Amino acid sequence: MFTLDLSGRRALVLGVANHRSLAWAIAKQLHAAGATLCLTYAGERLQKGVEELAATLPGTLVLPCDVTDDAQIDSVARELGQRWGAIEMLVHGVAFANKEDLEGSFVATSREGFRIALEVSAYSLINVANRVLPLLEKNGAAIVSLTYLAAERAVPSYNVMGSAKAVLEQATRQMAYELGPKRIRVNAVSAGPVSTLAARGIKGFVGMHKDHAERAALKRNITPEEVGAAALFLLTDMSSGVTGEVLYVDAGYRIMGV
Ligand code: NAP
C-alpha cells in the first residue's frame, strides 16, 4: 500500500517567486502531506515575499540561492547537510530568459541571451543536483522539474526558452540513467500555460492561454494545484517505478491533432 505521509521527508524547492509560482503550488502540497521544506529565493528583492509565504508553512526554512552562483548553491548544500543530513525531494521550478529573447526573431538570439537562458533554466537542474548529490544519495530521492511543450514543438515567442526546455528534458533522461543506481529518480512535469510572473514575460501569453483552453481535450486550462498534485505523485513512492519521464499536465492539449 502506498500512503501520502511524507513526515520525516525533506524537500528542497527552488523557484518560488510569489503565491502564483508553480513551485509554490508544489510546496504547499508537499507541506500538506507532512514534508519538511526549504524554499530558496534568487536575490534580496524576493527575500521578504518568500519568507512571508514560508511563514504560512510552519517549519519551513528559507535560504538564498541564485542558481548562477555556485557558492550560493554550495552554501545551501552545506546548510541542509548540517540541519537535515539528507534530502529526499528536489523541486526545480527555475527559468529565465532575457525579455528581448522572448519576442521577435529566434534566429536573432544573441550568444549571451542563449547562454543565460540555458544556464538558468536547464544547466541549473544538473548543477544543483550534482552539488547536493551527497544529500540525495543518503536515502534515495526524487527530483522533479517543470517543463513546457515548446521543448518539442515550435511555439511563437517561446524562442530560446524552448531550447532550454529541450535541454531540460534531455537532462531528465540522462540524469535518470546515471542516478538510477543511486536510487534517485528524475522526472519532469510539462505544464500547460498558467498565468505566473515568468509566463507573463512571454509575448502574446494571454491570447495563447485562451487559445489553449479552446483546443485542449478538457476544454479548459489547468490549475497550479493540478501541477502540484502531479509533482507530488512524481516525488513520492506512488511513482517509485517511474523515472526519466515527462508527465503532461496540459488538460489534453498535446494529444490533439487539430
Ligand atoms: P515564476 O513564478 O516566475 O517562477 C520562476 C522562478 O525562477 C522565479 O522564482 C524566478 O525568480 C526563478 N529564477 C529566475 N532566475 C533565477 C536564478 N538565477 N536563480 C534562481 N532562481 C531564478 O514562474 P513559473 O511559471 O512558476 O515558473 C516555474 C517553472 O515552470 C519554470 O521552469 C517555467 O518555465 C515552468 N513552466 C511554467 C509554465 C507556465 O505557464 N507558467 C508552463 C510550463 C512550465 P525571479 O523572479 O527572481 O526571476
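**Exercise 1. Cysteines**

Work out why Cys65 has no disulfide partner in this predicted model.

*Solution.* Start at the sulfur of Cys65: the closest cysteine sulfur belongs to Cys38, and it lies 8.7 Å away. Next, bring in the cut-off: a disulfide needs the two sulfur atoms within 2.5 Å. At 8.7 Å the pair is too far apart for a bond, so Cys65 stays without one. Now flip the view and start from Cys38: its closest cysteine sulfur is the one in Cys65, again at 8.7 Å and too far for a bond. Final tally for the structure: zero disulfides.

**Exercise 2. Buried or exposed?**

Decide whether Cys38 and Cys65 are buried or exposed.

*Solution.* The bar for buried is under 20% relative accessible area. Cys38 comes in at 0%, so it counts as buried. Cys65 has 6%, so it is buried too.

**Exercise 3. A patch on the surface**

Find the residues that form a nonpolar patch with Phe2, then place Met238 in the fold.

*Solution.* Phe2 teams up with Leu4 and Met238, and together they offer about 290 Å² of accessible area. Along the chain, Met238 sits in the loop that runs between α9 (224-235) and β7 (246-249). Then check its exposure: Met238 has 41% relative accessibility, so it counts as partly exposed.

**Exercise 4. Rings**

Which residue lies over the face of Tyr248, and how many aromatic pairs does the structure hold?

*Solution.* Look above the ring of Tyr248 and you'll find Arg254, at 3.9 Å from the ring centre. As for ring-on-ring contacts, the count is one aromatic pair.

Notes: Residues numbered from 1 in each chain as written. Predicted model: local features only at pLDDT ≥ 70, side-chain atom pairs only at ≥ 80, totals over all residues. Heavy atoms only, no water. Phe/Tyr/Trp six-rings, centres within 6.5 Å; stacked < 30°, edge-to-face > 60°. Lys NZ or Arg CZ within 6 Å of the ring centre and 35° of its normal. Patch = residues over 30% accessible without salt bridge, like charges linked within 9 Å, V, L, I, M, F, W, Y side chains within 5 Å. Areas by Shrake-Rupley, 256 points an atom, 1.4 Å probe, with all protein chains shown as cover. Salt bridge = Lys/Arg side-chain N within 4 Å of Asp/Glu carboxyl O. Helix = DSSP H or I, 4+ residues; strand = E, 2+ residues; numbered from the N terminus. Buried < 20%, exposed > 50% of the residue type's maximum accessible area, 1.4 Å probe, protein only.
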